[in-house]
Amino acid sequence: MARHVIAPVDEMPPGTRKFLEIDGRPIAVFNIKGEYFGLMNRCPHQGAALCEGPLIGLAQSKDPGEIEYTKLGEIIRCPWHGWEFDIRTGQSYCDPRRFRVKAYPAHVEPGASVVKGPYVAETIPVKVESDYVVVEL
Amino acid sequence: MNIQFRESQEAASPLTTKTAIADCDIHPARATRTELYPYLAKRWQHHLEVYGVHAYQGMMEGPPYPKAQPNASRRDAYPPEGGPQGSSLSFMQQQLLDPNNVQLGVLNPLNTGQGIRNHELSAALCSAINDWQIDKWTSKDKRLKASIVVGNEDGLSAAAEIRERAGDKNFVQVLLLSRNVEPLGQRRYWPIYQAAEEAGLPVGVHAFGFGGNPITPSGWPSYYIEEMVGHSQCQQSALASLVLEGVFERFPKLKMVMIEAGFGWAPSLAWRLDKTWQRLRSEVPHVKRPPSEYIREQVWWTTQPMEDPERREDLFDVIKWIGWDRLLFATDYPHWDYDEPSRVLPAGVSEANREAFYLGNAKKLYGIS
Ligand code: FES
């Protein structure tokens with residue numbers, strides 16, 4: 001499993017997302033409230049660029065009339081037909097048995113470890129003194 | 001909301017190896033509120049500024065149900081130069097026509113001048129939309145063909161508009177909507193069918209329209225999803241009316257296209273009509289043959305939204321009843337329920353049927369060589 005340096009941390013503040021292509025695969029990395037998530041940017045339904053959709057919450061209901069709205073900002077809604085996926089797991093909320101979008105672990109690593117570790121830093125010049133967002137695939 | 005988009009849209013590859021297709025339901029939009037003014041007499045520009053537009057139902061500042069996504073459209077379909085989705089020819093070429101190798105694209109403008117209470121204004125707006133379709137779209141890209149939009153509630157002025165455009169190769173059909181003041185078979189709409197038949201143009205009936213009646217047969221629903229599935233019920237009433245009022249009998253060369261309301265319901269509607277007609281035939285003696293015969297001979301269906309049953313055999317059974325020669329592929333671009341050409345048809349369809357489905361039927365129906 002290769003690990004890829006995506007960006008210096010200060011270039012990806014909370015609420016931002018970054019689109020890139022790794023090994024021919026379209027990937028998006030999100031910073032949600034300081035946590036990082038990587039997702040395949042292709043919707044398993046009909047192939048839209050899933051990660052260009054809005055981040056919403058999860059509306060659920062135990063009984064008609066009772067609505068719970070949780071996971072605010074953690075559900076991605078496809079820009080085409082609006083299918084919803086959990087950004088942490090890639091799980092679909094529309095047809096969870098059949099559809100899931102590939103999720104890739106993403107996190108922050110200090111520059112020192114990035115420089116000596118097995119990382120692929122394609123376009124980002126890496127300096128020892130800063131932190132980097134890293135995605136694994 | 002933390003919606004973000006890429007700074008520049010991914011450029012679609014200009015070269016494509018995909019097989020040519022027809023897209024029989026594309027929605028062009030106006031980039032600005034006043035984009036139609038050059039095609040409208042000063043009198044109507046002034047009228048719009050002072051009095052606005054009044055439909056047959058209230059609360060028309062926005063649509064009665066918000067449509068799931070902005071402008072009911074794909075979020076990735078905003079043109080880079082600004083304006084609503086569907087308002088840029090170059091972006092439509094780049095996002096839809098080129099990468100999918102669309103050889104024939106049929107334009108169905110919505111929010112036109114149809115269903116407006118002032119019939120003169122309705123006719124003026126429809127005519128302006130037709131000029132605009134030539135100017136902005138069909139004259140600039142030969143793959144695109146327009147639909148003649150008509151002031152539907154005034155059959156005579158609608159027929160005049162059709163006759164004026166007849167023979168103009170920019171247009172390939174007449175466009176009506178499924179919700180009107182009365183069911184579509186009623187006499188007031190007959191001049192439209194007569195003119196279309198004379199001109200040799202199919203009449204497309206697209207879902208939507210604001211006729212002043214509740215948008216489902218059982219009243220106003222709570223949710224947008226009910227409006228979405230209600231389109232098929234509405235289309236069924238329209239089709240039953242066309243058969244039972246004798247439109248197909250009276251205009252035997254008339255071709256109707258049911259647009260954006262599914263087709264899975266067609267066989268059961270036809271079976272039910274046939275059975276009831278056997279018992280009540282004397283009420284409608286002008287309907288000389290079983291209703292299903294008119295439907296199978298004179299009706300075509302666009303595919304978006306396509307039924308998506310768990311067993312593909314169920315879909316094939318329905319299509320077999322309708323006929324592989326009756327379906328017209330459509331994406332509904334740029335709307336949010338867009339169908340991706342490469343992903344809609346399950347495996348197991350013969351080469352000949354695929355070709356008819358994606359291109360052949362449309363070329364034949366619309367007379368494109
Ligand atoms: S392509 Fe994503 S929901 Fe259909």
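**Close-up 1. Cysteines of chain B and the disulfide count.** Over all chains of this predicted model the count comes to 0 disulfides, a disulfide being a pair of cysteine sulfur atoms within 2.5 Å. B:C126 is in no disulfide, and the nearest cysteine sulfur, that of B:C234, is 18 Å away, too far for a bond. B:C126 is buried, with a relative accessible area of 0%, and B:C234 is buried as well, at 16% (buried means under 20% relative accessible area, exposed over 50%, and partly exposed in between, with a 1.4 Å probe and protein chains only).

**Close-up 2. The buried side of helix 1 of chain B.** Helix 1 (residues 42-51) of chain B has the buried residues B:W44, B:Q45, B:H47 and B:L48; because they cover an arc of only 160 degrees around the axis, they lie on the same side of the helix (the arc is that of the directions from the helix axis to the C-beta atoms). These buried residues pack against helix 3 (119-138) of chain B, whereas B:K42 and B:H46 are exposed on the face turned away from the buried side. Just after helix 1 of chain B, B:G52 takes a positive phi of about 70 degrees.

**Notes to the views.** Residues are numbered from 1 along each chain as its sequence is written, and chains are lettered from A and ligands numbered from 1 in the order in which they are written. Local features need pLDDT of at least 70 and side-chain atom pairs count only at pLDDT 80 or more, while totals for chains, interfaces and linings use all residues, and side-chain values use heavy atoms, with hydrogens and water left out.

Methods:
Helices (H or I, at least four residues) and strands (E, at least two) are DSSP runs, numbered from the N terminus. Contact means heavy atoms within 4.5 Å.
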